[in-house]
Amino acid sequence: MQAQRLAIPDVVLLSPKVFGDDRGFFFESFNANGFKAATGLTPSFVQDNHSRSVRGVLRGLHYQLPPHAQGKLVRVIQGEVFDVAVDIRRCSPSYGQWVGARLSADNKQQLWIPPGFAHGFMTLSDTAEFLYKTTDFYAPDHERCIAWNDPDIGIQWPGEEEPRLSGKDQQGLPLSQAEVF
């Protein structure tokens, strides 16, 4: 597994070693020893989630507050998304900054998003199936949402069309008004 620290170094883009031939391919989507070697971290994952979205759907920017903050290891098994992490740790030098990566079934890359970050993604293909492991259980009382289009964050989402949002995501707050870390 290769690891690339992004502009916010706590967010890591992971590329697995893929073994393929004319029959198909094989790779380890998660190996605790490989993850530790690549990132120096040993998170304990407690929940796996699977979502499917159609083109133009934007989910996020979601996070959970302590004591139920979540780290996430995310990947796409069908289609393509633009995946984003926003640093919401007030004491961080990169507070309010974002990083993004295109994740797809073809590139098989994964993104590690540690606790203290808001997370979102936009579906770029006709459909996309998105898997993610979390380090804490879903806790709706601790869940929060930051506006996907907050101008103070300035995420450069791909495409020209308005994204399709859930009712919850339409109610996202600007970072300046959000409860953060």
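This passage describes the nonpolar cores, a buried acidic residue and the cysteines of a predicted model. Local features were required to have pLDDT of at least 70 and side-chain atom pairs pLDDT 80 or more, whereas totals for chains, interfaces and linings use all residues. Residues are numbered from 1 along each chain as its sequence is written, and side-chain values rest on heavy atoms, with hydrogens and water left out.

The largest nonpolar core (buried Ala, Val, Leu, Ile, Met, Phe, Trp, Tyr and Cys residues joined through side-chain atoms within 4.5 Å; buried meaning under 20% relative accessible area, exposed over 50% and partly exposed in between, with a 1.4 Å probe and protein chains only) has 19 residues, and those with the most contacts inside it are Leu61, Tyr63, Val86, Ile88, Ile146 and Trp157. Two or more residues of this core come from each of β6 (58-64), β8 (80-87) and β11 (117-123), where strands (E, at least two residues) and helices (H or I, at least four) are DSSP runs numbered from the N terminus. Apart from this core lies another, of 17 residues, including Leu13, Val74, Val81 and Phe117. Not counting residues up to four places away in sequence, Trp157 touches Leu58, Leu61, Phe82, Val84, Gly120, Phe121, Met122 and Trp148, contact being heavy atoms within 4.5 Å.

Asp150, in the loop between β13 (143-145) and α2 (167-170), is buried yet has no salt bridge (a side-chain nitrogen of Lys or Arg within 4 Å of a carboxyl oxygen of Asp or Glu). The nearest side chain of opposite charge, Arg90, is 11 Å away, with Lys and Arg counted as positive, Asp and Glu as negative, and His and the chain ends not counted. Beyond four places in sequence, Asp150 touches Pro174, Leu175 and Ser176.

A search of the whole structure finds 0 disulfides (pairs of cysteine sulfur atoms within 2.5 Å). Cys91 counts as exposed because its relative accessibility is 77%, whereas Cys145 is buried, at a relative accessible area of 12%.
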